Amino acid sequence: MRLKYAGFATIATILFMTPAANANMLFDIYAGVTAGAGGQTLYLDGDYDSKSAQSYGAILGLDIPLFRAELEYDYLTNQDADMQLAMINAYFKLPVPVIHPYIGAGIGEIFDGKISEIDVKSTVAYQGMLGLTFDIPILPIKVDAEARALYSANVYEFNNASPDLFHYDLRVKLRYIF
């Protein structure tokens, strides 16, 4: 029983004392998770097919006073599609106290997936983000709420057709600052 309380005390000490140790650093390193819901549209020769979609991901990044850069893994899914992406994102943060608005852009690659049982080919993806960061007082945690749009051309080839993908969602991101 004492070991259990010692474990809780250790975790609480790490969570509450880590920010004080990093207070004099110029940058913060963070890791986090994301979850979002929105839609996904395939465009092919003037026709389109829209479905509701979800996204899940993991991030690792560097936060400096006005800018933020991160590596991101995303898993996008709907009833007909499953895709995995790797992205590099850059953000510009507005210097506003308490709630911090930001705008960002990213480039990466869809490296694995299926749409309607057709394999997705490896292709370049671009995304834009607009959001707000909320600081959690005392804890080394930040919460981002953002709108995101992702575009990728020619995601697969089938019968001489190559549709473009447009994925959009509202996303929540939890970041732990080391």
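Two strands count as paired where DSSP finds at least two bridges between them, and the strands themselves are DSSP runs of at least two residues, numbered from the N terminus. The views below use the terms in this sense.

**Figure 1. Overview of the predicted model, with its 1 helix and 9 strands.** Followed from the N terminus, the chain runs in the order α-β-β-β-β-β-β-β-β-β, so the helix precedes the strands. The protein has 178 residues, of which 37% count as buried. Among the contacts between residues with a separation of 6 or more, 58% link residues that lie 24 or more positions apart. The accessible surface amounts to about 10100 Å², and carbon and sulfur atoms account for 69% of that area.

**Figure 2. Two hairpins link strands β2, β3 and β4.** Strand β2, spanning residues 47-63, is paired with strand β3, residues 67-77, in the antiparallel sense over 10 bridges, and the hairpin that joins these strands passes through 3 residues. Within this pairing, tyrosine 56 has tyrosine 75 of β3 as its bridge partner. The chain then continues from β3 to strand β4, residues 81-93, to which β3 is joined by 11 bridges in an antiparallel arrangement, again as a hairpin, with 3 residues between the strands. Here glutamate 72 is matched with methionine 87 of β4 as its bridge partner.

**Figure 3. Strand β1 is paired with β2 and with the C-terminal-numbered strand β9.** Strand β1 covers residues 28-44 and runs antiparallel to β2, with 17 bridges joining the two. These strands form a hairpin with 2 residues between them, and aspartate 45, which lies in the turn, has a positive phi of about 50°. Strand β1 also runs antiparallel to strand β9, residues 164-177, through 14 bridges. Two residue pairs mark this second pairing: alanine 31 has tyrosine 176 of β9 as its bridge partner, and alanine 35 stands opposite valine 172 of β9.

**Figure 4. Strand β9 is also paired with β8.** In this view, β8 and β9 run antiparallel and are joined by 12 bridges. Glutamate 146 stands opposite arginine 171 of β9. Strand β9 is thus shown between its pairing with β8 and its pairing with β1.

**Figure 5. The surroundings of threonine 41, a residue of strand β1.** Threonine 41 has a relative accessible area of 3%, and it is therefore classed as buried, since the class takes in values under 20%. In the pairing of strands, threonine 41 stands opposite serine 50 in β2, and the side chains of threonine 41 and serine 50 make a polar contact at 2.9 Å. Leaving aside residues up to four places away in sequence, threonine 41 touches Tyr48, Asp49 and Ser50, together with Asp164, Leu165, Phe166 and Tyr168.

**Figure 6. The cavity and the residues that line it.** The structure holds 1 cavity of 30 Å³ or more, and the volume of the largest cavity is about 70 Å³. Its lining consists of Gln40, Thr41, Leu42, Asp49, Lys51, Asn78, Asp80, Ala81, Ile115, Ser116 and Leu165. The elements that contribute two or more residues to this lining are β1 and β2, with the largest share, 3 residues, coming from β1. Threonine 41 of the preceding view is one of the lining residues.

**Figure 7. Two non-glycine loop residues with positive phi, glutamate 117 and isoleucine 138.** Glutamate 117 has a phi of about 65° although it is not a glycine, and it is found in the loop between β5, residues 99-115, and β6, residues 118-119. With a relative accessible area of 69%, glutamate 117 is exposed, because that class takes in values over 50%. Isoleucine 138 likewise shows a positive phi, near 75°, and its place is in the loop between β7, residues 123-135, and β8, residues 141-152. At 66% relative accessibility, isoleucine 138 also counts as exposed.

Terms used. Residues are numbered from 1 along each chain as its sequence is written. This is a predicted model: local features need pLDDT of at least 70, side-chain atom pairs count only at pLDDT 80 or more; totals for chains, interfaces and linings use all residues. Side-chain values use heavy atoms; hydrogens and water are left out. Helices (H or I, at least four residues) and strands (E, at least two) are DSSP runs, numbered from the N terminus. Buried means under 20% relative accessible area, exposed over 50%, partly exposed in between (1.4 Å probe, protein chains only). Contact means heavy atoms within 4.5 Å. Accessible areas come from the Shrake-Rupley method with a 1.4 Å probe; for residues, only the protein chains shown count as cover. A polar contact is a pair of N or O atoms within 3.5 Å; within protein, one must be able to donate a hydrogen and the other to accept it, and residues adjacent in sequence count only if both atoms are side-chain atoms. On a 1 Å grid over the protein atoms alone, a cavity is a set of points where a 1.4 Å probe fits but cannot get out, and a pocket is an open set with protein on both sides within 12 Å along at least five of seven lines; lining residues have an atom within 4 Å of a point. Grid points are joined across faces, edges and corners, and a volume is the space filled by probe spheres set on the points.
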